[in-house]
Amino acid sequence: MGAYRRFYFLPALLMLFFGVTVESPGQEKYPDRPITIVAPFPPGGVADLTARPVAAALEKVMKNPVVVVNKTGAAGAVGMSFVANSKPDGYNLLLALSSISIIPEADKLFDRKPAYTMDQLIPIALISADPTIFVVNASRPWKTVKEFVAEAKRRPGAISYSSSGVYGTLHMAMEMLTHSAGINLKHVPYAGAGPALTAILGGHVDTLASGPAVVIPHIKAGKIRPLAGWGAKRVASLPDVPTFKELGHDIEFYIWAGLFAPRSTSPAVMKTIRESVKQAVNAAEFKAAMEKLQTPIAYLDAPEFQKFWDKDAKMLADAIKRIGKLEIPEAK
Amino acid sequence: MLQSFPTMTIDRVSASILVLFSLFVIWESRQLPLGSFRQPGPAYVPILLAALLLILGVFIILMAGRARSLSSLRWSEWRHALAILLTCVFAVFAIERLGYRLTVLLALVFLVKGVEKRGWVSSLTFAFGMAFGSFYLFYTVLRVPLPQGPLGF
Amino acid sequence: MTETLHNLYLGFSVALAPSVLLYAFLGCVVGTLVGVLPGIGPLAGISLLLPASFGLDATSAIVLLAGIYYGAMYGGSTTSILMRIPGEAASVMTCIDGYQMTRKGRAGPALAIAAIGSYIAGTVSVVGLMLLAPPLASFALRFGPPEYFALLTLGLLALAYMSGGSMLKSLAMAVLGLLLGMIGIDPMTGFFRFSYGLVELGDGIGVVPVAVGLFGLSEILLTAGQPTATEVKKPRLNELLPSRQEWRASLWPIGRGTLLGFFIGIIPGSAHIISSFVSYAVEKRLSKHPERFGHGAIEGVAGPESANNSATSGAFVPMLALGVPSGPIPAVMIAAMMVHGISPGPLLISQQPELFWGFIASMYVGNLVLLILNLPLVGIFVNVLRVPYPLLYPAILVFCILGVYAVNGSAVDVGIMTATGALGYGLRKFDFETAPVVLRLILAPMMEMSFRQSLAMSSGSYAIFVNRPIALVMLMVGLALLLLSIVPFLIKTVDWRQRLGVAGGQDAREKESL
């Protein structure tokens, strides 16, 4: 017995250390231990706030603990590459935002070794998708997109906008607008969507694109004025605000949140997860939680989500290529 | 200062390292665009700071004659320091692979038994108590996320 | 006024309801426990425990989080004072004189004055929050990048004035700290700087692992192997409270720290961190015996501790009055409100009076609970020092690893702590001070970003720093400070440094200061 044990001890320790476990021959029932949903942003951010109700609803459906873990850093790249490189056993899922398609493109642009590639992940379901809203500081004169564009053409590079950071989602939305309208704006990046909002409220920049839940309280208070939205149709809570499409700008942009798994997750496990998520998003509790966050549910199952994601990723990749490498802070 | 080879004072040694470090930073910044005075690029501020550190380092070397000599430094605690640093390095690699409890257990047994030469019984009691006690308090009660190893520890 | 009183009555009727009171108490206890972990300060504390509040009703949740926030704030200063491990950026200053007091057997008074100072600052600043929130909030929004840059420059100059040992060496350390702050993604262009392929370095090296490494770990590395074990004087139980003289010395610093902290805290961004630096600088400047700073001056604990506490109440001003996520902590609080379906905005006070005034009242209650909770705990905490060092330091090490790991769930952070611990060990061996490195590391990213944002706003014109009145005034004050510190060198009056004959050559640990 002693010799037997010694023989097995070292390899066992090595396996422990390198996180390798022996595949048991007969596939066990999934799930039999807690599932982790990685939110690659800090608690309180959109990813975290969406992941929590998803986890809670999923826990009920799967009758198995589902915990949210925040793995933050490098604009989400840390958490996303963590899941992309984790074991495809269905126990490590990712709740990512639109920026999932931006980071590999930016890595490509800078000739960096990518933190992860999009092929490493497979979509499970789209949870929400909110169009960004274009707002201007209320003290600025522009009442319509037309007036704004005319002014921007007259004074190129004079009107400014804040964003959540270079190559961030809010920067992307504005890049699509400036490209489509053929205008030049001054970009002042901030460290996150919160500071970007503070900047427009303080009048340090003129315009901003951000999510409806963020801007609506300040629109109601009359501090900022919405001119248009990036959605295919108008936002329900802002019925008077036209879409850019209505105004003849063929642009569409959403800040979305979706659930992903590592690419080589087995089809059987994927099927279980997809069906559970489908039930979870229809649970009354989940709907109530999302209602409170003022985030409409936009559920899409894997195949449709893949199509949506492909289109979105292509659009973002084009925008990043247009922006190019910024040698100096953007002031085109 | 010219009459003989300058004595190796602690300031000379440390400032030389700072000078080398600043040169290294400047060298490493070469791949980043510098930008201009009106539009500083990503390398602008780092190079400015490295140049400042370079100047300060040179000044310290020049004025370091009166500082203590290098041989006056006592390194009596180096064994302990090395052992503690190695423990930390072990923790970096082990914490997400072995899990929190196992990592802490091994680290504490190493420090208390191996370095501080306490008895086995007290070392193991202390290590077990700390590893499982702190895990229970912070993970189970206070919900601070801590990693668990493949065996559920 | 009568309206305010009426509202306050409404608030207290909410805050004193037994269940709400229970959550305030629970929050304080949990916050204190988590805050004692090195590295886990108020921000990490409420972020980690935010999900726990989701199941409660809105008021209880906010009250619980506010309690956690206060508790963590206080818990952070405990480890700073007893073990020289800063709980977070704002308690870096407390390490310097607080730990020196511990070494002299005055840990009890240091902890007590930190608790009392925090209580006074907390209570007074809530009064400020209550009465001044709306007018101050709109003023605070006028702080854009140029103003922010001017403020940070002012902070940098205030710090530079107070160098303790060799001026050249502490300047070199300051620059080293600023340089370390350059690591990570350049926020203006997206370039990775000095990250060597490590994605985890994208956001730069965190203040927490560096502070724990340079202060706490380096201390363990230096002391663990000393043949004479530790020289920390064990406190006697009858010395737990400050002496009459210490009281007198602390009174004004607490008052000044409170005011300073509140007004700096209002400014959106992470300005509240520098309130403790500025308070320390002010106290040292005003002191008749500045040479005591760095050797266990109680003013050096009382001022910064009060300042950092009132600063974060100040940070709630723009959040509550305007619904602006004016800093990391308010941002988490706003998220907590959103989960409960409350959209924090300019209309919050009028639409949700019971929430707003309940929050205000619970801040009074929370501060009091914390004082009652913590003064008796001083005795217990102080007894930790009686544990023999060969057992104490492994335990401290475990808590350092636990705390630093938990903040971001990142083993790389533990690695950064290890590396900076080794760096701090080397620096202190060579008579360098480590505080300037940490303080500048905090300032560097904020300064660089606001500087380059300003230039982006003005399309490259430096006139933006003088055309804006607030920025101009602050830069003038900074210039005056700079001149003041140069004057002694020009007109050969005897500076206190020369008076003392501080030359560098004593054990660096004995004179660890700015």
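**Confidence, chain A.** I began with chain A, for which the average pLDDT is 86 and 90% of the residues score at least 70. I noted that residues 1–27 of chain A have a pLDDT below 50. Beyond near neighbours in sequence, this stretch makes 15 contacts in the model. I record here that the model is a predicted one.

**Confidence, chain B.** I then looked up chain B, where the average pLDDT is 87 and 93% of the residues score at least 70. Among the elements of chain B, I found the highest mean pLDDT, 94, in helix α3 (residues 78–94). The lowest mean, 90, belongs to helix α1 (residues 10–28) of chain B.

**Confidence, chain C.** For chain C I read a mean pLDDT of 83, with 91% of its residues at 70 or more. Of its elements, α17(C) has the highest mean pLDDT (93), and helix α21 (residues 496–500) of chain C has the lowest (50). I also marked residues 501–514 of chain C, over which pLDDT stays under 50. The model nevertheless gives this segment 52 contacts beyond four places in sequence.

**Interface of chains C and B.** I next examined the contact between these chains, to which chain C gives 65 residues and chain B gives 64 residues. Interface size is often expressed as the accessible area lost when the parts come together. For chain C and chain B I recorded about 5700 Å² buried between them, with 78% of it on carbon and sulfur atoms.

I searched this interface for charged pairs, and the rule finds 2 salt bridges. I looked up the salt bridge in which the side chains of Lys429(C) and Glu77(B) meet, at 3.0 Å from N to O. I also noted 10 residue pairs in polar contact between chain C and chain B, both residues being at pLDDT 80 or more.

I then listed the elements giving two or more residues to the side of chain C that touches chain B; among them are α2 (18–36), α9 (207–223), α17 (411–429) and α18 (435–457) of chain C. The element that gives the most to this side is α16(C), with 12 residues. By residue class, I entered 49 nonpolar, 9 polar and 7 charged residues for the side of chain C that touches chain B.

**Aromatic pairs.** Finally, I counted aromatic pairs and found 34 over all chains. I inspected Phe260(A) and Phe305(A), whose ring centres are 5.4 Å apart; their planes stand at 55°, so I entered the pair as tilted. Phe260(A) lies in strand β10 (residues 254–262) of chain A, and Phe305(A) lies in helix α11 (residues 302–323) of chain A. I noted that the pair links distant parts of the chain, 45 residues apart.

Notes:
Residues numbered from 1 in each chain as written. Chains lettered and ligands numbered in written order. Heavy atoms only, no water. Contact = heavy atoms within 4.5 Å. Buried area = accessible area lost by both parts, 1.4 Å probe. Salt bridge = Lys/Arg side-chain N within 4 Å of Asp/Glu carboxyl O. Polar contact = N/O pair within 3.5 Å; in protein donor to acceptor, adjacent residues only side chain to side chain. Helix = DSSP H or I, 4+ residues; strand = E, 2+ residues; numbered from the N terminus. Nonpolar A, V, L, I, M, F, W, Y, C, P; charged D, E, K, R; others polar. pLDDT = per-residue confidence, 0-100. Phe/Tyr/Trp six-rings, centres within 6.5 Å; stacked < 30°, edge-to-face > 60°.
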